[in-house]
Amino acid sequence: MTLVEPDAAALRSLEASRALITPILRAEWVADALRNEVVEGRLLPGARLPEKALSDALKVSRNTIREALSQLVAERVLVREAHRGVYVAVPGPDDVRDVYRARRLLEPGAVRSGERVGDPDAIAAVREAVTEGRTAAAADDWPGVAAANQHFHRALVALAASPRLDQQMALLLAEMRLVFHRMTEVRAFHEPYLELNDRIATLLETGEREQAAVEVEEYLTTAEQQILAALAVID
């Protein structure tokens, strides 16, 4: 595997984020910041994460960086190899199957019985992600479409009104972002889901939560099959 240095934009984003840090739960904050860089696509699969660069960007000790990196290794977002250091994971087919297994339990359940399914603000967040995706597509910004799709699925899980499920979804989305970075045809993969996202948002807006949940289940199964087929060609 060819390792690459962390993108300069990711380091700048981390540096800007340090103003938010508090002395309490410092390592957890660092882990959240790094995970977010993966979710937003600024840290790519195979990117090496040198402790000194991260420590300088975030103005925290290297011990804190090590603790945060260990947390993300446990979450399978990062990988540690002896004598090579820590780098962003490169998910394979087994990872994809397991992530989608979890997502099929999580997302339809949030849509079907979440406490906020009838909350106009929560539904508006789902619609906002759909609009974000369409706007990005109109600008031919397909990485932006991929990011909007992440926001859409995060908004679906937020219907459950559970901070624990929100946290679990953040972990899954970080892994999914790494999977999407391996896809060679970003537009071909994401474009059809613009319409599907719109349809699911409309079903939620009209109170048809059961049908929305069924469509989310079908959506996830189709996406998994497409990704596995694409990885079979790449690998």
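**Warm-up**

In which loop does leucine 49 lie? Leucine 49 sits in the loop between helix 2 and helix 3 (51-58). Leucine 49 is buried, with a relative accessible area of 3%. Between the C-alpha atoms of leucine 49 and alanine 223, which are 174 residues apart along the chain, the separation is 30 Å. Please keep in mind throughout that this is a predicted model.

**Exercise 1. Work out how the buried residues of helix 6 are arranged.**

Step 1: start with the span. Helix 6 (residues 120-138) has 19 residues, and the distance from its first C-alpha to its last is 27 Å, close to the 27 Å expected at 1.5 Å a residue.

Step 2: pick out the buried positions. These are Ala122, Ile123, Val126, Ala129, Val130, Gly133 and Ala136.

Step 3: look down the axis. The buried residues of helix 6 fall within an arc of 150°, so they line one face of the helix. As background, an α-helix has 3.6 residues a turn, so residues three or four places apart point the same way.

Step 4: turn to the other side. Pro120, Asp121, Glu128, Thr135 and Ala138 are exposed on the face of helix 6 turned away from its buried side.

Step 5: find the packing partners. Helix 7 (142-158) and helix 9 are what the buried residues of helix 6 pack against.

Step 6: inspect both ends. At the start of helix 6, a side-chain oxygen of aspartate 119 comes within 2.9 Å of the backbone nitrogen of aspartate 121. Just after helix 6, aspartate 140 has a positive phi of about 60°.

**Exercise 2. Classify the ring pairs that involve phenylalanine 189.**

Step 1: count the aromatic pairs, taking ring centres within 6.5 Å as the rule. The count comes to three aromatic pairs.

Step 2: take phenylalanine 180 with phenylalanine 189. Their ring centres are 5.5 Å apart and their planes stand at 45°, so the pair is tilted.

Step 3: take phenylalanine 189 with tyrosine 193. Here the centres are 5.4 Å apart and the planes are at 40°, so this pair is tilted. Phenylalanine 189 and tyrosine 193 are four residues apart in helix 9 (residues 186-205), which means that about one helical turn separates them.

Step 4: check burial. Phenylalanine 180 is buried at 7% relative accessibility, phenylalanine 189 is buried at 7%, and tyrosine 193 is buried at 4%.

Step 5: assemble the cluster. Ring pairs join Phe180, Phe189, Tyr193 and Tyr219.

**Exercise 3. Describe the largest nonpolar core and the helices that supply it.**

Step 1: size it up. The largest nonpolar core has 38 residues, and those with the most contacts inside it are Tyr100, Val111, Leu156, Leu159, Ile200, Leu204 and Ile227.

Step 2: assign the contributors. At least two residues of this core come from each of helix 5 (93-113), helix 6, helix 7, helix 8 (163-180), helix 9 and helix 10 (209-234). Helix 10 gives the most, with nine residues.

Step 3: zoom in on isoleucine 227. Leaving aside residues up to four places away in sequence, isoleucine 227 touches Val96, Tyr100, Met176, Val179, Phe180, Met183 and Phe189.

Step 4: look beyond this core. Another core, of 25 residues, lies apart from it and has Ala33, Leu34, Ala47 and Leu72 among its members.

Step 5: examine helix 8. Helix 8 has 18 residues and reaches 25 Å from its first C-alpha to its last, close to the 26 Å expected at 1.5 Å a residue. Its buried residues include Met169, Glu175, Arg177 and Phe180. Among the elements covering the buried residues of helix 8 are helix 2, strand 2 (85-88), helix 5 and helix 10.

**Exercise 4. Find the polar contacts of the buried glutamates 107 and 37.**

Step 1: place glutamate 107. Glutamate 107 belongs to helix 5 and, at 0% relative accessibility, counts as buried.

Step 2: find its partner. The side chains of glutamate 107 and histidine 153 make a polar contact (2.5 Å).

Step 3: list the surroundings. Not counting residues up to four places away in sequence, glutamate 107 touches His153, Leu156, Val157, Met169, Val216 and Leu220.

Step 4: repeat for glutamate 37. Glutamate 37 is in helix 2 (residues 26-39) and is buried, with a relative accessible area of 1%. The side chain of glutamate 37 makes a polar contact with the side chain of arginine 42 (2.6 Å).

Notes
Residues numbered from 1 in each chain as written. Predicted model: local features only at pLDDT ≥ 70, side-chain atom pairs only at ≥ 80, totals over all residues. Heavy atoms only, no water. Phe/Tyr/Trp six-rings, centres within 6.5 Å; stacked < 30°, edge-to-face > 60°. Buried < 20%, exposed > 50% of the residue type's maximum accessible area, 1.4 Å probe, protein only. Expected span 1.5 Å × (residues − 1). Arc of directions from axis to C-beta. Contact = heavy atoms within 4.5 Å. Polar contact = N/O pair within 3.5 Å; in protein donor to acceptor, adjacent residues only side chain to side chain. Core = buried A, V, L, I, M, F, W, Y, C linked by side-chain atoms within 4.5 Å.
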